[in-house]
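Work through the exercises below with the sequence and the coordinates open. Each task is followed by a solution in steps.

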Amino acid sequence: MLTIAGLIFAIPILIAALICGFLLKKPHAAARLATAGMFSCFLMALALAPQILDLQHKHALPVETSVIWIGLKGLTIEFGILLDGLSYLMLLVVTGIGTLIFLYSMTYMHGDESYSRFFASLSLFAFSMLGIVFSNNLIQTFIFWELVGLSSYLLIGFWYQKPEASLAGKKAFLTTRVGDVGMMFGILLLWGHLAAQNSGTFNFMALKAHPGLTAIPALSMTLIGLGLFMGAVGKSAQVPLHVWLPDAMEGPTPVSALIHAATMVAAGVFLLARIFFLLELSPTTLHIIAWTGTVTSLLAALIAVVQSDIKKILAYSTLSQLGYMVMAIGRGHVEAGMFHLTTHAFFKALLFLGAGSFIHALHTQSIWDMGAYGQKKFLALFKKMPVTSLTFIAGTLALMGIPPTSGFFSKEEILTAAQSGPQLMFICAATVVFLTAFYMGRLSGAIFLPGTIHTLQHEDPHELHEPHEPDWRMLLPLAVLGVLALIGGFLPIRDLLPEAHGHQDGGSFLLILSLSLAGAGFLLGILLFRNHDESRVSTGFMAVPRILLERKFFFDDAYDWLIQNVQERVASFCDLFEKIVVVEIGANGIARLARGAGSTARKLQTGVVQFYALVFTAGLGLLIYLFVSGRLG
């Protein structure tokens with residue numbers, strides 16, 4: 001079993017190396033190899049299911065294997081594979097969703113001049129995420145954590161000729177590094193406390209059973225938990241490090257689907273689930289985690305209601321749903337957070353790939369321009385692209401949590417987790433249900449319902465592209481994900497999850513409340529924007545909150561100000577300090593002193609014997625005088 005896991009782990013990086021070494025000028029071979037490799041990983045992962053479920057039933061999990069990477073006195077760092085229900089669930093998500101996105105990309109990216117490089121980068125991304133999933137210790141996790149950051153930089157900025165894409169890649173890389181500094185701090189602080197007890201370790205299973213954890217002071221345990229949580233804040237784009245994720249939409253749409261569904265943003269939630277045994281030792285840490293997720297879910301849902309770019313609407317939707325997951329884990333409901341992560345992977349990958357299909361057909365990302373095709377025709381786009389439209393609607397229903405879709409089951413558990421917390425937290429969570437349905441109603445109305453032609457960006461109907469369905473390599477992933485979005489809630493996902501609280505039914509109150517809010521939000525979104533006209537919410541008392549939402553609560557403005565007025569000045573001061581103190585006074589000053597002393601001393605070496613005799617005699621006379629006078633000795 002562990003041998004198969006190791007093979008799954010190795011295949012993506014081997015394929016990335018083969019593409020870079022031999023297939024850069026053979027794009028079709030590179031695409032087929034990468035897709036076949038990911039599919040083989042998924043098949044091997046499926047083959048492990050009977051053994052995993054049997055061991056889970058016998059309480060014989062986890063199993064792990066490792067080799068010593070660094071072995072020093074008092075410090076041992078392993079490189080290994082840990083396999084349990086949690087890692088196996090993520091393995092299925094990464095390889096399964098990854099396979100569909102690889103297949104989809106074969107058509108979507110067809111004709112791109114860097115076709116081979118794209119699939120090499122996708123394979124590297126999959127390898128990086130599998131490294132996090134399989135890691136059996138914190139140091140190995142951190143290494144692949146950074147590799148995921150590098151992979152995302154390569155893919156978000158894939159079209160580096162576009163300034164927006166290049167900047168988005170750098171923004172994602174640098175923003176997530178801020179969280180990674182906190183994560184490293186938490187790892188080192190934890191190890192320092194345990195090393196002081198002569199029992200330092202990074203291994204997850206050893207840490208979980210470590211008796212010294214309870215001896216760590218409460219303040220230190222809180223700092224450790226918050227430091228590790230900072231890593232998740234960066235990768236899973238929680239407030240205040242959420243600003244990189246919407247800009248990451250400058251990358252190709254398959255990349256957006258992979259980041260949002262199966263890899264980067266899922267890594268943060270997975271990490272919190274993996275180290276929950278550490279986090280629960282500090283109630284303060286869990287409280288901060290829960291409120292961070294709550295604030296993120298609400299702010300992101302509010303911003304989504306004013307976006308016009310279909311990918312950015314879905315990006316803010318991801319932020320909001322990630323906030324849900326983090327909130328649930330903060331409330332101690334790990335199983336709810338991971339359950340929602342899995343179902344979210346189904347319907348969010350579907351929505352992004354569906355959006356990509358619309359973009360591929362219509363050559364625009366604006367929801368108003370997409371709806372421009374219909375003009376006065378009802379469901380015109382739906383009739384031209386029935387498979388894409390039907391699956392997109394299935395994803396929308398799942399995102400809204402309409403029964404019996406997969407999103408319904410996981411959303412109910414999230415609301416149950418929120419209900420167990422402060423009343424304000426539950427109100428925020430319920431508000432997000434309404435807002436989610438509202439912005440998806442607005443999006444659906446803009447795309448599928450007829451609009452008023454003078455409100456559209458394309459004034460000339462001849463400029464509009466004739467919609468058409470893509471080929472089977474794009475439609476098959478949509479169909480598979482559409483089925484998963486509808487029936488995924490009935491899969492035995494919970495059998496693989498930790499039972500911190502077990503499955504809890506929120507009861508008829510939550511069911512009625514969530515369905516009422518979702519229905520009201522969706523209908524209001526369609527009614528307000530049925531004519532593709534936003535003027536009614538752009539004037540009057542709505543003008544101020546709309547500006548606030550369009551400016552994204554001024555987070556980007558605040559960061560820009562800090563960079564220009566604080567970071568730049570600090571950098572200028574450091575530059576001057578380096579030039580004047582370090583270089584001129586320090587390095588060059590010492591060099592000038594040495595040269596000066598050498599030049600002075602060199603003058604004493606005249607080569608004249610009489611001069612040397614004079615100096616010797618004078619020195620000897622001085623010593624005799626000092627001895628005679630008693631000043632020496």
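**Exercise 1. Describe how strands β1 and β2 pair.**

Step 1. Strand β1 covers residues 63-72 and strand β2 covers residues 75-83; strands are DSSP runs of E with at least two residues, helices are runs of H or I with at least four, and both are numbered from the N terminus.
Step 2. The two strands run antiparallel and share nine bridges, where pairing requires that DSSP finds at least two bridges between the strands.
Step 3. Glu-64 has Leu-82 in β2 as its bridge partner.
Step 4. Two residues separate β1 and β2 in this hairpin, and Gly-74 in the turn has a positive phi of about 85°.

The model is predicted: local features need pLDDT of at least 70, side-chain atom pairs count only at pLDDT 80 or more, and totals for chains, interfaces and linings use all residues. Numbering starts from 1 along each chain as its sequence is written, and side-chain values use heavy atoms, with hydrogens and water left out.

**Exercise 2. Give the overall figures for the chain.**

Step 1. The chain has 26 helices and two strands.
Step 2. Its C-alpha atoms fill a box of roughly 120 × 65 × 55 Å along the principal axes.
Step 3. Of the 633 residues, 53% are buried; buried means under 20% relative accessible area, exposed over 50%, and partly exposed in between (1.4 Å probe, protein chains only).
Step 4. Contacts (heavy atoms within 4.5 Å) between residues at least 6 apart in sequence join residues at least 24 apart in 80% of cases.

**Exercise 3. Which residue forms a salt bridge with Arg-274, and which with Asp-556?**

Step 1. The structure holds 15 salt bridges, each a side-chain nitrogen of Lys or Arg within 4 Å of a carboxyl oxygen of Asp or Glu.
Step 2. The partner of Arg-274 is Asp-84, with the closest N and O atoms 2.7 Å apart.
Step 3. Arg-274 is in helix α12 (residues 264-274) and Asp-84 in the loop between β2 and α4 (85-108), so this pair links distant parts of the chain, 190 residues apart.
Step 4. Arg-274 is buried at 7% relative accessible area, and Asp-84 is buried at 12%.
Step 5. Asp-556 pairs with Lys-171, again with closest N and O atoms 2.7 Å apart.
Step 6. Because Asp-556 lies in helix α25 and Lys-171 in helix α7 (residues 163-195), the pair ties together parts 385 residues apart in sequence.
Step 7. Asp-556 counts as buried at 17% relative accessibility, whereas Lys-171 counts as partly exposed at 23%.

**Exercise 4. Place the salt bridge of Lys-235 and Asp-180 in its network.**

Step 1. The N to O distance between these side chains is 3.5 Å.
Step 2. Lys-235 belongs to helix α9 (residues 218-235) and Asp-180 to helix α7, so the pair ties together parts 55 residues apart in sequence.
Step 3. Both Lys-235 and Asp-180 are buried.
Step 4. Through shared partners, salt bridges join Glu-146, Arg-177, Asp-180 and Lys-235 into one network.

**Exercise 5. Is Gln-321 buried or exposed, and what does Gln-321 contact?**

Step 1. Gln-321 sits in helix α15 (residues 310-330).
Step 2. Its relative accessible area is 2%, so Gln-321 is buried.
Step 3. Neighbours within four places in sequence aside, Gln-321 is in contact with His-340, His-344, Lys-348, Leu-399 and Thr-436.
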